[in-house]
Amino acid sequence: MLFFTIGFIFKLVLNYIVVWFFPTVKVTDTFAFGYMLATLLALKIYQKNALGLVLRATFQTSVIGGSLAIIVGFLVMLVPSLLIKQSISPEAENLQVITLNQQVSQYKSYLYTTRSNRVTVSSYKASQAVSDFKYAIYQLNKAIENKQKMGHLSAMFNSIGFKLVSDDNYVYLIDIVENQQRGLFVINKKPQTNLIITVPYPITEGLASDSAALIFQHLKSKALVFGATRTPQVTLTKENQQSPFYQAFINALEINELLQVRESNRHTAALLKSTPSDVKSQYWIFNRLPESISQREIHEFLGSEATYFGKAAKSSLPATDFTGSMLEVFLDGDNYTNILAYIYRENYRYSNLKLNIINEDMAHIVDDFSAYISSKGSFNYQPLTHSQVALWEFEVLTPLYKLIEQIGNSSLNEDVLNHLKQINGTAELLNYQLQLVQNSNGRYILLSPLQSNDTQALGQGIYAFSLSKHEAISLSVPRPIFEGNTLSFASELFTNSNAANLLIAGAHPYAHPEANVLAANNVGSLFNVVHQSYSRFKAQQPSLNIQIRSHSAPSWIRPNAIAFSNTQVRDIATPLMEKLTKDLSSLGVSYQVVEGQKATRGLEIGSSPQYGYQQFNSNSELATLWIASDFKEQFSIDQNSLLMRLLAISNNPTVTTINLATLSPSNWAALTSHDKQIIQRKINKYTADKQTAALKTICSELNECVLQTIKLEQLNKFVLMIKKQNNLIAIYNPASNQLIDIDVFNNMMVGGFNVSN
């Protein structure tokens, strides 16, 4: 008890002395081994009278234990990160030098798909990587300023998971570690302003990231840096929670002037709610306006009419200890449009970017593409990667849908064309191109592979979008070769129905193990990405998605049929289906609804990615339109093929053989000029489209009309007989494209059968 009391008093006095002179030191650290162990050691020394022996043993134990603890501590800190190697992104291994805007789009695609793993790297190693990165940036910046070679710095950046890429104007630092994005960093080789452009939240503020690249080029700033996080909720954050590499980059350049680009959208609405509602452009300043920025120039470049100046929030700063000057701008769609107009007007390189304009019928475009559809067993198909899917979804398709909806029936001005050029730049990164189609049927945007054999062999299809007000109807051809020539019918229906888009798959389902776009697990095809993207975009309004497929039987054996995802069309899509039915009727196509009847068994929709998407869109209806062989094939003068086509549109599916020489004028009724004009108009459409469905519509405009397939005995040809009110009024011979009425018949009786040839 005596030893314990003495020890306790000693430690208590020591605590008061330590706290008095060193207030920040933890008091518990002065207790060392605590009370009991110190008391036992003192008692042992007193009993054994062995002060030196006990102190030596205690010291040896302390040194050995401390050494082991240090070794174990370092092993615990370093071994996990040494055993778990950081995997390199497959796409990053084949990085190519591309334009700045494409580089930004590619970086954003990685952000959309990255799932960061925060436990694979120790805090010590992470801190060391940040320090190495900061030092490497310092050396890189010095090499650029002194115009020295930078090749020796590549190894330094590779060791911390970055790849150094450069072109004539910029140096890019690209994160190549899979499942981790720490930022995109760009340094200008020839800057004219000592200014850093920052984009802290490139995903949730996409317009800001697109604008920042253009602002960076226009101002010829020193550097451009993109963060890797989403816009934080104002109520949950007190400071900018960015990657430490984001802050290290800014600190390494030793520049205290920032231009931070943000977007005015729903993510920043809470932050901007205290500003005037009628002011769209927001300029927020920290400390003072950076000297590198001209207020007049930035005002003209952004195209701001009414501007609000405010004080930047603490959470907007790149770091809590930032003491420099910063201008934070919040942009909207009008600002972006003005930026594009300014860039394309003033920048020679951008002014040379053209959007191809073609004047061809959609049927001709589709027919030309059919030659590039990947054939069975060719392996000419390449599934999309996750980042490519994100790039298509967020950087190409969604902006394109928004732009189309914004245009409506308005004329295509320079601002619209500038937007299309920007989207086209991203599409080219994916080996596709946008083309503006203007023909007699309307105007369209065509999304097709670039004109090279390698890109056309990707097997990802071709897509057309109506560039005017249209019905929310999406037409798709999932098997353009495997199920016969559905292409010509689909292109005709697309233009006639004023549908929103036409999707055509680019590969035979057996071209590649993953080429079947109807496979339930196929999510790596552009065909399904376009379909899903449009369904999401139209989630708040009724839409109708029609798959155009075909069966090999003629319509009198197995009819044209339509299968809905829930047997019957839902009420929400009924108006669209009624509109489409009229368009089909104008093409001479009637159909039965698949309801389990014998003639339509096996024509149900089945499982497919498109069917799976329906579960997430209550306003969308999916249907499969099955076309019989005689309605889908192009016209052929082969008599056997012609027979099937004519029987398909006849009221009675039988053939009667007739010898014209046995007929008399009494068997004929006079053909009025009005009726003759109707028939001739349908014939002209048939000769232009080579589709017998056009002939079927003759009776839709003539009262009590009957169509009958007959065989002319003397000519051995199949022709179409037209009756009105049970009287023969005309015979149409497709082989010679000749209409025979009573006048022609009378001439035949005088001049012989050659008159009809």
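**Exercise 1. Is Asp361 buried, partly exposed or exposed?**

Solution. This is a predicted model, in which local features need pLDDT of at least 70 and side-chain atom pairs count only at pLDDT 80 or more, while totals for chains, interfaces and linings use all residues. Residues are numbered from 1 along each chain as its sequence is written, and side-chain values use heavy atoms, with hydrogens and water left out.

Step 1: recall the classes. Buried means under 20% relative accessible area, exposed means over 50%, and partly exposed is in between (1.4 Å probe, protein chains only). The areas come from the Shrake-Rupley method with a 1.4 Å probe, and for residues only the protein chains shown count as cover.

Step 2: apply them. Asp361 has a relative accessible area of 41%, so the residue is partly exposed.

Step 3: place the residue. Asp361 sits in the loop between β10 (357–358) and α14 (362–369). Helices (H or I, at least four residues) and strands (E, at least two) are DSSP runs, numbered from the N terminus.

Step 4: look around it. Together with Glu360, Asp367 and Asp368, Asp361 forms a negative surface patch. Patch members have over 30% relative accessible area and no salt bridge; like charges are joined within 9 Å, and nonpolar side chains (Val, Leu, Ile, Met, Phe, Trp, Tyr) within 5 Å. Asp and Glu count as negative, Lys and Arg as positive, and His and the chain ends are not counted. The place of a charge is taken as NZ of Lys, CZ of Arg, CG of Asp or CD of Glu.

**Exercise 2. Describe the protein chain as a whole.**

Solution. Step 1: count the elements. The protein chain has 26 helices and 24 strands.

Step 2: check burial and surface. Of the 757 residues, 51% are buried. The chain exposes about 36,500 Å², and carbon and sulfur atoms supply 53% of that area.

Step 3: consider the contacts (heavy atoms within 4.5 Å). Among those with a separation of 6 or more, 74% are between residues 24 or more positions apart.

**Exercise 3. Which residues form the nonpolar patch on the surface?**

Solution. Step 1: list them. The patch is made of Phe8, Ile9, Leu12, Val13, Tyr16, Ile17, Trp20 and Phe21, with about 910 Å² of accessible area together.

Step 2: take one member. Tyr16 belongs to helix α1 (residues 2–21), and its relative accessible area of 61% makes this residue exposed.

**Exercise 4. How many of the ten residues of helix α9 are buried?**

Solution. Step 1: helix α9 (residues 244–253) is mostly covered, with seven of its ten residues buried.

Step 2: name them. They are Phe245, Tyr246, Ala248, Phe249, Ile250, Ala252 and Leu253.

Step 3: see what follows. After α9 comes Glu254, whose phi is positive, near 55°.

**Exercise 5. Follow Asp583 and its salt bridge.**

Solution. Step 1: Asp583 is in helix α20 (residues 574–586) and is buried, at a relative accessible area of 10%.

Step 2: find the partner. The side chains of Asp583 and Lys579 meet in a salt bridge (2.7 Å, N to O). A salt bridge here is a side-chain nitrogen of Lys or Arg within 4 Å of a carboxyl oxygen of Asp or Glu. Because Lys579 and Asp583 are four residues apart in helix α20, about one helical turn separates them. Lys579 is partly exposed, at 25% relative accessibility.

Step 3: look beyond the helix. Not counting residues up to four places away in sequence, Asp583 touches Leu493, Asn496 and Ser497. Its C-alpha atom is separated by 9.6 Å from that of Phe494, which lies 89 residues away along the chain.

**Exercise 6. What does the salt bridge between Glu621 and Arg570 tie together?**

Solution. Step 1: the whole structure holds 15 salt bridges. In this one, the side chains of Glu621 and Arg570 meet at 3.8 Å, N to O.

Step 2: locate both ends. Glu621 lies in strand β19 (residues 620–627) and Arg570 in the loop between β17 (561–564) and α20, so the pair ties together parts that are 51 residues apart in sequence.

Step 3: compare their surroundings. Glu621 is buried, with a relative accessible area of 0%, whereas Arg570 is partly exposed at 26%.

**Exercise 7. Place His531.**

Solution. Step 1: His531 lies in helix α19 (residues 526–537) and counts as buried at 4% relative accessibility.

Step 2: leaving aside neighbours within four places in sequence, His531 is in contact with Leu503, Asn545, Gln610 and Tyr613.
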